[in-house]
Amino acid sequence: MRYILWIFSIILLGSCSSNSNIPQKNISVAKETKTNIMAPDFAIYNPSTDSTIVYFKIATKNILYTREDKLSPYKANIKIHYQLFPYGNSKTIVDSTSFFIQDEVRSKTSKNLSGNFTINTPDAKDYLLKVTTEDLNRGASIEKKIYLRKSYVHNRQYFLVLKDSTKTPVYNFFVNDTSALQIKAEQHKNQMIFIHHYNRNFNIAAPPFASVNTKPFNYSPDQTTSSQLNALGETKITPPTNGFIHIQTDTSSKVGYTLFKYEKNYPTIHAIEGLVKPLRYICSTAEYNALLNSPTPKKSIDEFWLSKASSKERARELIKQYYNRVEQANKHFSSHVEGWKTDRGMISIIYGTPTVVRKTGRTETWIYGEENNLIALNFVFNQKNNPFSNNDYKLQRSSTYKTSWYRAVDTWRSGRVYYGY
């Protein structure tokens, strides 16, 4: 039996949509809770300083469809409710609206429910938008907080990127192919946009106890092109074949819209390379180099996992849990680097889902164990000023994590899934 087939079948069956940011209380991962996460993707676009369009996409595989009897169609019932607050004032509601989405199907199929709604945002001020999406059939909901940056007209929210063939928005700032894209920037009609191409290699996160000397990022692009927006504020571009592009209307600052090109089929894993590299967290240097340089990588990956497990069944469970965590890290924590390479991605892969996540301002605290318990394990991440992404967080490293890290890695290497809580 070619065990590599387990990996691909498990990953394909186990993939689930998820939020690009963590809910504040608990971010239970689908594979670990055996439930689906209904988490819409959002794209924010400001066509002007006094209005914002919110595009959304919900995967139906994460929605509960029910029917009254065998002759009736399956029905989904979704409620979307939003509240708009002035930035920095979460007590004064500027606007609040609810609407419903219903979908009927004769047979269950995998697709996306998508749409958009427009919000009036007067005075070119910044706002906080809270969007709650509720699956009424299941009785489950999820909240997403989105900052609307209206006061500076050159930021990423004044750009909308559409797939030219389908006219659908690009969600989560990454593309998987090189098909033509349409750029909309109605606030900047007839102006030039500048497209900076970066093709850089980024290292994976160091262990949480390691001392890290971060080199300053070189903002000089590898290549720059330009394009003229028409009278409607539109133009077409070709996405990068690798790396990322940073689109600007004002080159005197670093602010703009960034579009990333990761591995094929990202954030899911299909290529052998995508299976090998995340193993670096639990591999010795010799093991990792052997996997990278193996003439038969499929066989080598099989042998790696089987060598850690006492049975085929346990190996199958290790594979399922480990690579599901990798995919979840890609979905939650991607920035200018792939999600699994980031500090939060590393911790979530090795330790699993935190018991509690607390977010205060630009800081996230992940708690493994009982909150306020002295033996609970806490990780603190600080948001970095990054012109390419607002999803870049760095861990406050400490030598106190060394014991727990080695215990977690040894657990994986002993053929058992590790749960930090």
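How many of the residues of helix 7 are buried? In this predicted model, helix 7 spans residues 343–351 and is mostly covered, with nine of its nine residues buried. The run begins with Asp-343, Arg-344 and Gly-345, continues through Met-346, Ile-347, Ser-348, Ile-349 and Ile-350, and ends with Tyr-351, each of them buried.

The cover over these buried residues comes from several elements. Among them are two helices, helix 6 (312–333) and helix 8 (402–413). Strand 17 (363–368), strand 18 (377–383) and strand 19 (393–395) also contribute to the cover. After helix 7 comes Gly-352, which has a positive phi near 90 degrees.

Strand 17, one of the elements that cover helix 7, also pairs with strand 16 (residues 356–360). The two strands run in the antiparallel sense and are joined over five bridges. Within this pairing, Arg-358 has Thr-365 of strand 17 as its bridge partner. Strand 16 and strand 17 form a hairpin with two residues between the strands, and there Gly-361 takes a positive phi near 60 degrees.

Elsewhere in the chain, strand 11 (residues 192–198) holds His-196. Is His-196 buried or exposed? Its relative accessible area is 11%, so His-196 counts as buried, the cut-off being under 20%. The side chain of His-196 makes a polar contact with the side chain of Gln-248, at 2.9 Å. Gln-248 also appears among the residues in contact with His-196 when neighbours within four places in sequence are left aside. That list further includes Pro-221, Gln-223 and Thr-224, as well as Phe-244, Ile-245, His-246 and Thr-251.

Note on methods:
Residues are numbered from 1 along each chain as its sequence is written. This is a predicted model: local features need pLDDT of at least 70, side-chain atom pairs count only at pLDDT 80 or more; totals for chains, interfaces and linings use all residues. Side-chain values use heavy atoms; hydrogens and water are left out. Helices (H or I, at least four residues) and strands (E, at least two) are DSSP runs, numbered from the N terminus. Buried means under 20% relative accessible area, exposed over 50%, partly exposed in between (1.4 Å probe, protein chains only). A polar contact is a pair of N or O atoms within 3.5 Å; within protein, one must be able to donate a hydrogen and the other to accept it, and residues adjacent in sequence count only if both atoms are side-chain atoms. Contact means heavy atoms within 4.5 Å. Two strands pair if DSSP finds at least two bridges between them.
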